Amino acid sequence: MLERLNQAMEHIEGHLDRSVDVAELARIAATSEYHLRRMFSALAGMPLSEYVRRRRLTVAGAEVLAGGEPLLGIAVRYGYGSGEAFARAFRAMHGVGPGEARRTGASLVSQPRLSFRLTIEGNSSMRYRVVDRPDFSVVGLKARVPLVHSGPNQAIIDFVRGIDPGTLERLKGMSDQEPRGVVAVCDDLDPSRAEGTELDYYQGVITSAAAPEGTVTLPVAAGTWAVFNVSGPVPEAIQNLWRDVFTEWFPSNPYRSRPGPEILRTSLSPDGTEADAELWLPVEREQR
């Protein structure tokens, strides 16, 4: 997988002055577009589209400083429809406009080329199982919240605090399928997985019962799920589990992520600082 990812990175380098087709990158990496975006974001710490943009502006910045071509020619060659659009993007990354950079020889920001290598640590093992499930429904309460990669998500905290405890107890009594109890469900995430993009967040249960008044239903199609378990401090252990699944488990196993909701069941310690958690991710077998 890492070798194919590196071949996709080479393809990007050869197409910085033209369109980069994500479908072609996925073909080179022998995976789906959906999984490629997820894997890249987890491994690189930025969305794929952001990396391509930053590499283009890095190469364009070097040509601006070289002074051998008109600025508009550079702008057009790297995909900008006008000098103004190029100047805005250039300033956003480098902190200075292209004209000023050329006149003054200003210092610019460089996005290095990425390559992926396997680091063997062997300091932990990951507990997981793979489950085939028929279609089911999530019933509960829903909010639109921003994605936060590290640390508490205040929007989720405020949403959960605002739920009537009696409502959660009634929902809990409706739970009749795995994962049992009240669960947190993330759905409709932006493909880039960029910090601050929005997602649908549910507090609810997996149930065959009809949704009571004041709640919503999220239908979930039949499919395969990878189920991971972790114990540790909140929220670090859970956030690290999400990261480790994409940086360690997927590259080592014949599965890839597929579209669908991500489900988390959490059991907190009495003081709320530790948790036992079970993470359900929709997956499919890689086509070899």
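Is A66 buried or exposed? Keep that one in mind; the solution comes in Exercise 1.

Some ground rules before you start. The model is predicted, so local features need pLDDT of at least 70 and side-chain atom pairs count only at pLDDT 80 or more, while totals for chains, interfaces and linings use all residues. Residues are numbered from 1 along each chain as its sequence is written, and side-chain values use heavy atoms, with hydrogens and water left out.

**Exercise 1. Sort A66 and F40 by their accessibility, and place each in its helix.**

Step 1: get the cut-offs. Buried means under 20% relative accessible area, exposed over 50%, and partly exposed in between, using a 1.4 Å probe and protein chains only.

Step 2: apply them. A66 comes out at 64% relative accessibility, so A66 is exposed. F40 has a relative accessible area of 0%, so F40 is buried.

Step 3: find the helices. These are DSSP runs of H or I with at least four residues, strands are E runs of at least two, and both are numbered from the N terminus. A66 lies in α4, and F40 sits in α3.

Step 4: look at who surrounds F40. Contact means heavy atoms within 4.5 Å. Leaving out residues up to four places away in sequence, F40 touches M9, G45, M46, P47, L48, Y51, L114 and F116.

Step 5: check two C-alpha separations. F40 and N6 are 34 residues apart along the chain, with their C-alpha atoms 11 Å from each other. For A66 and G105, 39 residues apart along the chain, the separation is 9.3 Å.

**Exercise 2. Describe how α1 and α2 pack.**

Step 1: take the geometry. Axes are lines fitted to C-alpha atoms, for helices over the stretch in contact, and angles run from 0 to 180 degrees between N-to-C directions. Helix α1 (residues 2-13) and helix α2 (residues 22-29) pack at about 145°, with axes 8 Å apart.

Step 2: list the contact. From α1 come R4, L5, Q7, A8, H11 and I12, and from α2 come E24, L25, I28 and A29.

Step 3: sort by class. Ala, Val, Leu, Ile, Met, Phe, Trp, Tyr, Cys and Pro count as nonpolar, Asp, Glu, Lys and Arg as charged, and the others, Gly among them, as polar. That gives six nonpolar, two polar and two charged residues in the contact of α1 with α2.

**Exercise 3. Characterise the largest pocket and the largest cavity.**

Step 1: set up the search. Work on a 1 Å grid over the protein atoms alone: a cavity is a set of points where a 1.4 Å probe fits but cannot get out, and a pocket is an open set with protein on both sides within 12 Å along at least five of seven lines; lining residues have an atom within 4 Å of a point. Grid points are joined across faces, edges and corners, and a volume is the space filled by probe spheres set on the points.

Step 2: do the pocket. The largest pocket has a volume of about 1500 Å³. It has 45 lining residues, and P235, I238, Q239, W242 and L264 are the closest to its centre. By class, the pocket lining holds 26 nonpolar, twelve polar and seven charged residues.

Step 3: do the cavity. The count is one cavity of 30 Å³ or more, and the largest cavity has a volume of about 30 Å³. R37, S41, P47, L48, S49, P191 and S192 line the largest cavity. Elements giving two or more residues to that lining are α3 and α4 (48-66).

**Exercise 4. Track down the unusual backbone spots.**

Step 1: recall the norm. Most residues other than glycine have a negative phi, and most peptide bonds are trans.

Step 2: check omega. The bond from E178 to P179 is cis, with omega near -15°, and P179 is in the loop between α9 (165-174) and β3. The bond from V234 to P235 is also cis, with omega near -5°; P235 is in the loop between β6 (223-233) and α10.

Step 3: check phi. A30 is not a glycine, yet has a positive phi of about 60°; A30 is in the loop between α2 and α3. D188 has phi near 55° and is in the loop between β3 and β4.

Step 4: add accessibility. A30 is partly exposed at 30% relative accessibility, and D188 is partly exposed at 45%.
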